[in-house]
Amino acid sequence: MSRFQTFTVRNGEIWTRFSATPVFFRASHEHAAAAEKLISSTHTDMELIDKLDNIYQERASAIVFACSCLEAFINGLIQEHFPSLWKGVEQLPVTAKWQLFLWLKGKRNVFVPSRQPYQTLLEVVRSRNSLVHFKSEYHKAALHGNGKMVTHTENHLMPRDLVRDLPDRLRELIKELCQATGITVPVDNPTATSWLAGTGELAV
């Protein structure tokens with residue numbers, strides 16, 4: 001079995017359960033790192049232009065996987081702690097599920113959208129929705145004093161600073177929720193390093 005699977009025995013039969021959260025986290029981390037590596041390996045504007053398609057591809061993947069990670073995480077918590085409510089909340093937006101879980105745990109004042117780490121949740125969900133429900137429209141580009149043009153894609157749809165910092169931001173968000181509600185911060189294996197550990201390296 002995968003290290004992200006657990007099993008139980010029911011009536012003499014083996015049943016398994018898969019945890020998608022760490023898989024999505026690792027995928028987001030890898031794509032975010034790949035996007036940043038492409039940028040840091042360029043030395044001229046022309047080199048950067050040649051790599052933009054691949055950079056945007058990696059950034060988009062990082063954002064979509066990050067949102068999937070956060071949704072899988074909160075879904076698992078609601079199913080585990082409030083199973084009788086699951087069918088009624090399954091279709092709620094991701095942000096509403098995070099707010100609801102905190103509310104049900106008696107932490108009504110913890111979720112503050114205007115501060116971190118919950119700003120990250122809103123940013124990731126907004127970027128993911130813009131990508132998944134993409135509308136092909138013209139947007140005015142910004143021209144800096146040095147003559148450099150910055151597009152809507154770079155500034156708003158897939159901003160570099162958001163994607164570059166995604167692994168640390170996801171860790172902070174998940175840890176905050178766990179600590180606020182008294183839940184043990186998740187690990188991928190009791191004998192291995194937590195998949196949330198560290199600041200820049202994937203647990204192996």
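This talk goes through the core, one helix pair and the aromatic pairs of a predicted model.

Let me start with the nonpolar core. The largest one has 42 residues, and those with the most contacts inside it are Leu70, Trp98, Phe101, Leu121 and Leu177. Several helices each supply at least two residues of this core, among them helix 1, which spans 21-40, helix 4, which spans 94-104, and helix 8, which spans 166-181; helix 2 gives the most, with 13 residues.

To see what one of those residues touches, take leucine 177: leaving aside its neighbours within four places in sequence, leucine 177 is in contact with Phe73, Ile74, Leu77, Trp98, Phe101, Leu102 and Tyr118.

Now to a residue within helix 2, which runs over residues 45-81 and holds isoleucine 55. Is isoleucine 55 buried or exposed? With a relative accessible area of 1%, isoleucine 55 falls under the 20% cut-off and therefore counts as buried. Not counting residues up to four places away in sequence, isoleucine 55 touches Ala35, Leu38, Ile39 and Leu48, and its C-alpha lies 7.9 Å from that of alanine 34, although the two are 21 residues apart in sequence.

Next, the packing of helix 1 with helix 8. Their axes are 9 Å apart and cross at an angle of about 150 degrees, which makes helix 1 roughly antiparallel to helix 8, since angles over 145 degrees are counted that way. On the helix 1 side the contact is formed by Phe25, Ser28, His29 and Ala32, which meet Leu166, Pro167, Leu170 and Arg171 in helix 8; by class, this contact has five nonpolar, two polar and one charged residues.

Finally, the aromatic pairs, of which a search of the whole structure finds four; I will describe two.

Phenylalanine 24 and phenylalanine 65 form a tilted pair, 6.1 Å centre to centre, with 35 degrees between the planes. Phenylalanine 24 lies in helix 1 and phenylalanine 65 in helix 2, so this pair ties together parts that are 41 residues apart in sequence. Both rings belong to partly exposed residues, with phenylalanine 24 at 24% relative accessibility and phenylalanine 65 at 28%.

The other pair, phenylalanine 82 with phenylalanine 101, is edge-to-face, at 5.9 Å centre to centre and 75 degrees between the planes. This pair links distant parts of the chain, with phenylalanine 82 in the loop between helix 2 and helix 3 and phenylalanine 101 in helix 4, 19 residues apart. Here phenylalanine 82 counts as buried at 19% relative accessibility, while phenylalanine 101 is buried with a relative accessible area of 0%.

Methods: Residues are numbered from 1 along each chain as its sequence is written. This is a predicted model: local features need pLDDT of at least 70, side-chain atom pairs count only at pLDDT 80 or more; totals for chains, interfaces and linings use all residues. Side-chain values use heavy atoms; hydrogens and water are left out. Helices (H or I, at least four residues) and strands (E, at least two) are DSSP runs, numbered from the N terminus. Buried means under 20% relative accessible area, exposed over 50%, partly exposed in between (1.4 Å probe, protein chains only). Contact means heavy atoms within 4.5 Å. A nonpolar core is a set of buried Ala, Val, Leu, Ile, Met, Phe, Trp, Tyr and Cys residues joined through side-chain atoms within 4.5 Å. Axes are lines fitted to C-alpha atoms, for helices over the stretch in contact, and angles run from 0 to 180 degrees between N-to-C directions. Angles under 35 degrees count as roughly parallel, over 145 as roughly antiparallel, 65 to 115 as roughly perpendicular and the rest as oblique. Ala, Val, Leu, Ile, Met, Phe, Trp, Tyr, Cys and Pro count as nonpolar, Asp, Glu, Lys and Arg as charged, and the others, Gly among them, as polar. Rings of Phe, Tyr and Trp (its six-membered ring) pair if their centres lie within 6.5 Å; planes under 30 degrees apart count as stacked, over 60 as edge-to-face and the rest as tilted.
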